[in-house]
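Work through these exercises with the model open. Try each task before reading its solution.

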Amino acid sequence: MHNIRIGIKQAKIALSDKDRLVAFCFALKIKFLFRASDLHYGSKNQAAKALGFNKPTFTQYLDLAIKFGYCRIETNKFGVKKIIANKIHSKDYSYKTRRGQLRNLSLPSLKNLVREAVICNKINIIEEVINTHSRAVNGHSIKSVRNARKTEARMLKKPFDKKYTGSYSNSRMMQDINGTMYQAKKAIKSLVKSGTVQKIIQCTEANVDACVCTNNQTFRASDGTLIIISAKYRKGQLRCANKYKVLTNRISKANSGTNQKKVEHRMKWVKNRT
């Protein structure tokens, strides 16, 4: 299994608590390192060495992963123990990555990957809302316009604001990942660098007297917005929140997930046939 899916819902839950995020990333590391998502070990020292932790840290992370249900321990008939990383996605939307795509499997890197998944999903949603509204206004047929309007009504709690440009500010990212401004900037910078999303800088004309300026200047207005004065073009610009465009779609619905009823039904059918 080369593809690894991170459930968006599961990622948001993990980001809501520090201990839960550590446990989530511990299970994610096992999935990246081992194809079958399990680690066979004879002793805790051996398992800790395989995952790159010391024994006390490994024990702490393993206990958290078992506590939150991200991992479980099983023993085969020969007495060999194995740590199994449970599925971290359902049949809902998930972020798809590949084994080997992330070179650094340290805990901070895995945490950043979880934040990237949530931010990438939000950018997808923003694009989908704008595209749906565009079809509702400029559809090629009456049927497509009607369908787009119905979809838009289901997607939005209130009518679409015509002034909305699809911007996604760093402050909003910070709220979505339940983290700091540094973590939000690091995550979006990583998505842009990898070619997953494209950053579009948005500026509007500002009502300032820039004709007398001979040097480039930047300053903050009373409401905190950034104003840039260009000496070359003799004009002032108001820096708005950035806009992002998805280049590589990593968000999709999984064909398989944790549907326990189907698994039990299949096991019962096999048992009756044999």
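**Exercise 1.** In which helix is the place of R146? Then classify its exposure and find its charged patch.

*Solution.* This is a predicted model: local features need pLDDT of at least 70, side-chain atom pairs count only at pLDDT 80 or more, and totals for chains, interfaces and linings use all residues. Residues are numbered from 1 along each chain as its sequence is written, and side-chain values use heavy atoms, with hydrogens and water left out.

Step 1. R146 sits in helix α6, residues 142-155. Helices are DSSP runs of H or I with at least four residues, strands are E runs of at least two, and both are numbered from the N terminus.

Step 2. R146 is partly exposed because its relative accessibility is 43%. The cut-offs are under 20% for buried, over 50% for exposed, and partly exposed in between (1.4 Å probe, protein chains only).

Step 3. K143, R146, K150 and R154 form a positive surface patch. Patch members have over 30% relative accessible area and no salt bridge, and like charges are joined within 9 Å. A salt bridge puts a side-chain nitrogen of Lys or Arg within 4 Å of a carboxyl oxygen of Asp or Glu.

**Exercise 2.** Which strands pair with β4?

*Solution.* Step 1. Pairing requires at least two DSSP bridges between two strands.

Step 2. Strand β2 (residues 38-41) pairs with β4 (residues 81-85) in the antiparallel sense, over four bridges. Y41 has K81 as its bridge partner there.

Step 3. Strand β3 (residues 71-75) also runs antiparallel to β4, joined by five bridges. I73 is partnered with I83.

Step 4. The hairpin of β3 and β4 has five residues between the strands, and G79 takes a positive phi near 85°.

**Exercise 3.** Which residues of β11 lie on its covered face?

*Solution.* Step 1. In a regular strand, side chains alternate between the two faces of the sheet.

Step 2. In β11 (residues 243-246), Y244 and V246 make up the covered face, while K243 and K245 are on the uncovered one.

Step 3. β11 pairs antiparallel with β6 (residues 197-200) over four bridges. Q198 has K245 as its bridge partner.

**Exercise 4.** S37 and N178 have positive phi values. Is each one buried or exposed?

*Solution.* Step 1. Most residues other than glycine have a negative phi.

Step 2. S37 has phi near 60°. It lies in the loop between α2 (18-33) and β2. S37 is buried, because its relative accessibility is 6%.

Step 3. N178 has phi near 55°. It lies in the loop between α7 (170-176) and α8 (181-193). N178 is exposed, because its relative accessible area is 51%.

Terms used: Patch = residues over 30% accessible without salt bridge, like charges linked within 9 Å, V, L, I, M, F, W, Y side chains within 5 Å. Areas by Shrake-Rupley, 256 points an atom, 1.4 Å probe, with all protein chains shown as cover. Lys, Arg positive; Asp, Glu negative; His and termini not counted. Charge placed at Lys NZ, Arg CZ, Asp CG, Glu CD.
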